[in-house]
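Thanks for making time, everyone. I have one structure to walk you through today. Let's put it on the screen.

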Amino acid sequence: KKKKNGRKYAFIGKALLAKGDDTHWLSQAEVYIRQELVEVFTATKEDKYDFGEPEVGQVGVRCVHCAKNRPKDQRVKGHVYYPSSVNTIQQCVKDLQSRHLAICGAIPDNCRERLRSLKGYGSKPEGDSVQYWIDSAKELGLQDSPDVVGVTFYRNPAEKSPADCLAIEKSEGIPSGSFIMRAEDRTSVTDSMALLLKQFRPCRFQASDRRGSRSRDRALGSPGIFCVHCSKKRYFPVTEKKLIDTLILMKTHMNTCTSVPEDIKSSLGYLQHRSLLQKIELGAQWKSKIFKKVWNRLHHEDWSNFDYSSTAGLAKAMSICEEPSQTEDSAIITQRESVEETDQTSNYADNHSSSFTPVEDDDDDDDEEEASEALRGMQDMIKAAAVWLSERDAEQEKKQARSKGLGQAKNRPGFRGGRGGGRGGRIRSA
């Protein structure tokens, strides 16, 4: 954190918007603009008279060539925009493209001509590209400011994110530092799944976990998993199928838990886009295979002596690629990954940071499992109701067909009614 004017800022400076997955989700023109023509920066006292009257530390989007080649008082009007939120960064770039980049004298002619020739120039944003702009901005370190109007940095964009470190782990063959998610699994899962599983560690069912109706049948010592950040969320699925169903609860917890670092949340959201492409390569059964491995590890392997501190994968990845001046975040991740495993949440909290207080597991896990079970039960009821309605409609159609046939028979000469002829079916002689 850097301090300026009495406020703390995660980063003061500038950075390009370009990310490694841009080519898969953006047009050629958007990729080129993010790589060469536009940058995000933090406003200083010199920028307070810009259009929008930004506060110091607020993030703006500006033309790279104007900022590099022209003094502040000689820059063309409209060369900078200050987004009101992360969701509006894409629109600010589109405004720069349509109102400034085409006429900016600081941009070399060859750059301008190349931009105009690229596919997607002038097209409207749509579909997944809109969400990718948002998630990639958060992955870069941008967030809606909690203090001022607009956008600020929550981390240094020059440092490696968890998603970057995950890629380094895979390429360098660095141990993952996780009992559940191991290095040999990296080629058989998506990056999003790998990062998610690294946020959980194994634990044992305790008497304090037996609170809700869904956990009363658990035996003491049954294996489960818990969140390494808050230690409160503990899941104890009774079957391999239930373990797969728990995945939804794990994702929800990562998004809502206040103890999960913002960079982890952002990388999980960013990697969701990449996972859409990776799923195609992995095939249909990849998720079942990895959870079968996780189930076997929890139930058939001993993790009591697993040394997390000696295999802190993300910390090692960062130490390989970070500059000496960027070791602050590396130290934080080392602390987060080097916590030794324990079955007691209080012991875990003693070894971890004092930024939160350990709380015994409550009924939230059971409520979530009950909600999931109720949803599945409701789906079964809907299917049964649909079958019943189909059978009822078929029966009614048969009755209508019989009634129609009977009506036609009454109109025929010599009709005698029911069996053997009834009172109303007899034909009286004249």
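I'll start with the whole chain, then go through two helices, an unusual serine, the cysteines, the charged pairs and the aromatic rings.

First, a caution. This is a predicted model. Keep that in mind throughout.

Now the overall picture. The protein chain has 430 residues, and 46% of them count as buried. Its secondary structure comes to 15 helices and eleven strands. The accessible surface is about 23,200 Å². Carbon and sulfur atoms hold 49% of that surface. Now take the contacts in the chain with a separation of 6 or more. Residues 24 or more positions apart make up 66% of those.

On to helix α6. It covers residues 128-140, which is 13 residues. At 1.5 Å a residue, it should span 18 Å. Its end C-alpha atoms are 18 Å apart, so the two agree. Which residues of α6 are buried? They are Ser-129, Tyr-132, Trp-133, Ile-134, Asp-135, Ser-136, Ala-137, Glu-139 and Leu-140. What follows the helix? Gly-141 does, with a positive phi near 120°.

Helix α7 comes next. It runs over residues 162-172, and its buried residues include Pro-162, Cys-165 and Leu-166. Ile-168 and Glu-169 are buried in α7 too. Just after α7 sits Gly-173, and its phi is positive as well, about 70°.

Those two were glycines. Here is one that isn't. Ser-231 has a positive phi of about 65°. Most residues other than glycine have a negative phi. Where is Ser-231? Look in the loop between β10 (223-227) and β11 (234-235). Is Ser-231 buried or exposed? Its relative accessibility is 0%, so Ser-231 counts as buried.

Stay in that region for the cysteines. How many disulfides does the model have? The count is zero. Cys-227 is in no disulfide, and the nearest cysteine sulfur, in Cys-230, is 3.9 Å away. Cys-257 also has Cys-230 as its closest cysteine. Why is there no bond there? The sulfurs are 3.8 Å apart, which is too far. The cut-off for a disulfide is 2.5 Å. Cys-227 is buried, at 0% relative accessible area. Cys-257 is buried too, at 8%.

Now charges. Side chains of opposite charge can pair when their charged atoms come close. The model has 14 salt bridges. I'll pick three pairs and a network.

Pair one is Lys-72 with Asp-47, with the closest N and O atoms 2.9 Å apart. Lys-72 is in the loop between α3 (64-69) and β6 (80-81), and Asp-47 is in the loop between β4 (38-42) and β5 (59-63), so the bridge ties together parts 25 residues apart in sequence. Lys-72 is partly exposed at 28%. Asp-47 is buried at 6%.

Pair two is Lys-293 with Asp-185, at 3.6 Å from N to O. Lys-293 belongs to helix α11 (residues 286-300), while Asp-185 is in the loop between α7 and α8 (191-197). They are 108 residues apart. Again the lysine is partly exposed: Lys-293 comes to 36%. Asp-185 is buried, at 0%.

Pair three is Arg-234 with Asp-209, at 3.0 Å. Arg-234 is in strand β11, and Asp-209 is in the loop between β9 (200-204) and β10. Both of these residues are buried.

Then the network. Asp-21, Arg-186, Asp-191 and Arg-274 are joined by salt bridges that share partners.

Last topic: aromatic rings. The model has seven aromatic pairs. Take Phe-11 and Phe-153. Their ring centres are 5.0 Å apart and their planes are at 80°, so the pair is edge-to-face. Phe-11 is in the loop between β2 (7-9) and β3 (14-16), and Phe-153 is in strand β8 (residues 151-153), so parts 142 residues apart in sequence are tied together. Both rings belong to buried residues.

Phe-205 and Phe-236 are edge-to-face too, with 5.0 Å between centres and 90° between planes. Phe-205 is in the loop between β9 and β10, and Phe-236 is in the loop between β11 and α9 (240-256). Phe-205 is buried at 3%, and Phe-236 is buried at 5%.

One cluster to finish. Phe-179, Trp-303 and Phe-306 form it together.

That's the tour. Thank you.

Notes. Residues numbered from 1 in each chain as written. Heavy atoms only, no water. Helix = DSSP H or I, 4+ residues; strand = E, 2+ residues; numbered from the N terminus. Expected span 1.5 Å × (residues − 1). Buried < 20%, exposed > 50% of the residue type's maximum accessible area, 1.4 Å probe, protein only. Contact = heavy atoms within 4.5 Å. Areas by Shrake-Rupley, 256 points an atom, 1.4 Å probe, with all protein chains shown as cover. Salt bridge = Lys/Arg side-chain N within 4 Å of Asp/Glu carboxyl O. Phe/Tyr/Trp six-rings, centres within 6.5 Å; stacked < 30°, edge-to-face > 60°.
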